[in-house]
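Colleague: I have a new model open on my screen and would like to understand the words used for it. Could you take me through them?

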Amino acid sequence: MIQLVVFLGNYGREYEKTRHNAAWQFADSLPFGELLDWQSKFKGSYADAGIQSLAETLCNKEVIASKDGSPVRIPENAPAKIFFLKPETYMNNSGQSIIELASFFKIKPEEILIVHDELELPIGTVSLKWSGGLGGHNGLRSAKSVLNTADFWRLRFGISKPSGRDIADYVLSPFTADEQIILSQVFPQAAQLLAKILFSTDPARLIPEWGKKKLLA
């Protein structure tokens, strides 16, 4: 099961609304945000949430529930708590923060979910992926270099690929007003997916539906 959720982004007010910080914007929108007491450690900001408190909050806010309306079932092998991390090393060195927390709490690569922006997907699209290529994403490249493997989970938010524009300039530029509206509608649905991932003993079961799901045009 997932024990660590990493949100990739760049630290600093000037980067808050940029495309490269889609994951941080998602983190700030999470419906269980009141459970997360962010602290400065591990070269970033980290928080944790007890699995029981998380389950209760997600049910109370109707983010996740079983088909018969009963509370979400906590698997027997679920971790006591789940950790959340925003590396503050800037994107290209995200792995430095990830490895510090993962090593301290003895979290394996396959127990890590990295949330990030994705150029190869149109905005309004969300994708759950296991392992595979890095797509030229420097944050993922840094994670792979410290974990010595690409075998970790990814939750990807499409930001669309620009035509005839420098990629670095594009990802570090702010979302347009229309794109922000799209994200505000995508994030609640992505939060439901994240909840399902965190309480799943096998997130791969979610890939047929969420491998590349277009939520909004």
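Colleague: What makes you say that the charged end of K213 sits over the ring of W210?

Modeller: A charge sits over a ring if NZ of Lys or CZ of Arg is within 6 Å of the ring centre and within 35 degrees of the ring normal. The charged end of K213 is 4.3 Å from the centre of the W210 ring. K86 also lies over a ring face, that of W24, at 5.7 Å from the centre. Please keep in mind that this is a predicted model, where local features need pLDDT of at least 70 and side-chain atom pairs count only at pLDDT 80 or more, while totals for chains, interfaces and linings use all residues. Residues are numbered from 1 along each chain as its sequence is written, and side-chain values use heavy atoms, with hydrogens and water left out.

Colleague: Why is the aromatic pair of F42 and F105 called edge-to-face?

Modeller: Rings of Phe, Tyr and Trp (its six-membered ring) pair if their centres lie within 6.5 Å; planes under 30 degrees apart are stacked, over 60 edge-to-face, and the rest tilted. The structure holds 14 such aromatic pairs. For F42 and F105 the centres are 5.7 Å apart and the planes 65 degrees apart, hence edge-to-face.

Colleague: What makes this pair a tie between parts of the chain?

Modeller: F42 lies in the loop between β2 and β3, and F105 in the loop between α3 and β5, so the pair ties together parts that are 63 residues apart in sequence. Those element names come from DSSP runs (helices H or I, at least four residues; strands E, at least two), numbered from the N terminus.

Colleague: How do you know whether F42 and F105 are buried or exposed?

Modeller: Buried means under 20% relative accessible area, exposed over 50%, and partly exposed in between (1.4 Å probe, protein chains only). F42, at 6%, counts as buried, whereas F105, at 25%, counts as partly exposed.

Colleague: And why is the pair of W130 and W153 called tilted?

Modeller: Their planes are 50 degrees apart, with 5.0 Å centre to centre, and that makes the pair tilted. W130 lies in strand β6 and W153 in strand β7, so the pair ties together parts that are 23 residues apart in sequence. W130 is partly exposed at 35%, while W153 is buried at 8%.

Colleague: Which rings form a cluster?

Modeller: Ring pairs link F7, F26, F32, F84, F157 and F187 into one.

Colleague: How do you know that the buried residues of α3 are on the same side?

Modeller: The buried residues in α3 are S94, G95, S97, I98, L101 and A102. They cover an arc of only 160 degrees around the axis (taken from the directions from the helix axis to the C-beta atoms), which puts them on the same side of α3. Their cover includes β1, β3, β4, β5 and α4, where contact means heavy atoms within 4.5 Å.

Colleague: What makes K106 worth pointing out?

Modeller: K106 has a positive phi of about 55 degrees although it is not a glycine. Most residues other than glycine have a negative phi. K106 lies in the loop between α3 and β5 and is exposed at 69%. S160, in the loop between β7 and α5, is another residue other than glycine with a positive phi, near 70 degrees.
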